[in-house]
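Welcome! Open the structure in your viewer, keep the selection tool at hand, and follow the stops below.

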Amino acid sequence: MGEEANCDAVMEAGNGNGKAKENGHAVAAMPDVKADDAVVALADPRLQGISDAIRVVPHFPKPGIMFNDITTLLLRPGVFKDAVDMFVERYRGMGIAAVAGIEARGFIFGPAIALAVGAKFIPLRKPKKLPGEVISETYVLEYGTDCLEMHVGAIEPRERVLIVDGLVATGGTLCAAINLLERAGADVVECACLIGLPKFKPKLHCHRI
């Protein structure tokens, strides 16, 4: 699942102090390494390689969309590992019991993070993709609606959960994931995304990880 937007893609810059909020929950995204390469390189040299490895494809899947293609990052195992490691370094020791990955890019990073922090992985899927009994959350998009589903019983009450997706734009998908998990009794700790979009910086002042 995830989101794209009609703007150039860069990794979301943070002020180092505050936390972005979606439904009252923090959203962590990689810093904007294109904004000030020298400063970011001092913060963490891995960020430049991660940014360089993400390809922006204009007008895909339709005119006006700038698509953030992470498949080019996945072709570089060292950079892929750096991206996963940066999330693991943030969330290890935070008592995360489950990592919930949003279809589809959350399925790429979520399981690796879950294994590293000793948590189970929960797929949040599009409708009619899960075979068992599900709990669903419908949400509004710019041009219609969509839905996330999760297996009933995947989460235990009060379990601490990290939500993972590849990209955050408007935050609508993340809000739906938060609502879905909280309805099941989870304690959503934070949402983690690899890419943030500059169009929404007034809304998303994500701290550095």
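**Stop one: an unusual loop**

Begin by selecting P61, which sits in the loop between β3 (55-58) and β4 (66-69). Keep in mind as you go that this is a predicted model. Now add F60 to the selection and look at the link between the two residues: the peptide bond from F60 to P61 is cis, with omega near 5°.

Stay here and pick H59, which belongs to the loop between β3 and β4 as well. H59 is not a glycine, yet its phi is positive, at about 60°. For context, most residues other than glycine have a negative phi, and most peptide bonds are trans.

**Stop two: two strands and a helix**

Next, select residues 98-102, strand β5, together with residues 120-124, strand β6. In which sense do β5 and β6 pair? They run in the parallel sense, joined over 5 bridges. To see one matched position, highlight A100, which stands opposite I122 in β6.

Add residues 106-117, helix α5, and you have a β-α-β unit: β5, α5 and β6 together, with a right-handed arrangement.

Before leaving, zoom in on A104, in the loop between β5 and α5. Another cis peptide bond is found here, from E103 to A104, with omega near 5°.

**Stop three: α5 meets α4**

Keep α5 on screen and select helix α4, residues 77-91. The axes of the two helices are 9 Å apart, and the helices pack at an angle of about 50°, which means that α4 is oblique to α5. Their crossing is right-handed. To display the contact, show the side chains of F80, A83, V84, F87, V88 and Y91 on α4, and of I108, F109, A112, I113, A116 and V117 on α5. What kinds of residue make up this contact of α4 with α5? The count is 12 nonpolar, no polar and no charged.

**Stop four: α4 meets α2**

Hide α5, leave α4 visible and select helix α2, residues 46-53. Here the axes of α2 and α4 come within 9 Å and cross at roughly 125°, so α2 is oblique to α4. This crossing is left-handed. On the α2 side, select R46, L47, G49, I50 and A53; on the α4 side, select V79, D82, A83, D85, M86 and E89. Try colouring the contact of α2 with α4 by residue type: it divides into 6 nonpolar, 1 polar and 4 charged residues.

Key. Residues numbered from 1 in each chain as written. Predicted model: local features only at pLDDT ≥ 70, side-chain atom pairs only at ≥ 80, totals over all residues. Heavy atoms only, no water. Pairing = 2+ DSSP bridges. Helix = DSSP H or I, 4+ residues; strand = E, 2+ residues; numbered from the N terminus. Right-handed = clockwise from strand over helix to strand, strands pointing away. Axes fitted to C-alpha atoms, helices over the stretch in contact; angles between N-to-C directions. Parallel < 35°, antiparallel > 145°, perpendicular 65-115°, else oblique. Left-handed = near helix turned anticlockwise from the far one by under 90°. Contact = heavy atoms within 4.5 Å. Nonpolar A, V, L, I, M, F, W, Y, C, P; charged D, E, K, R; others polar.
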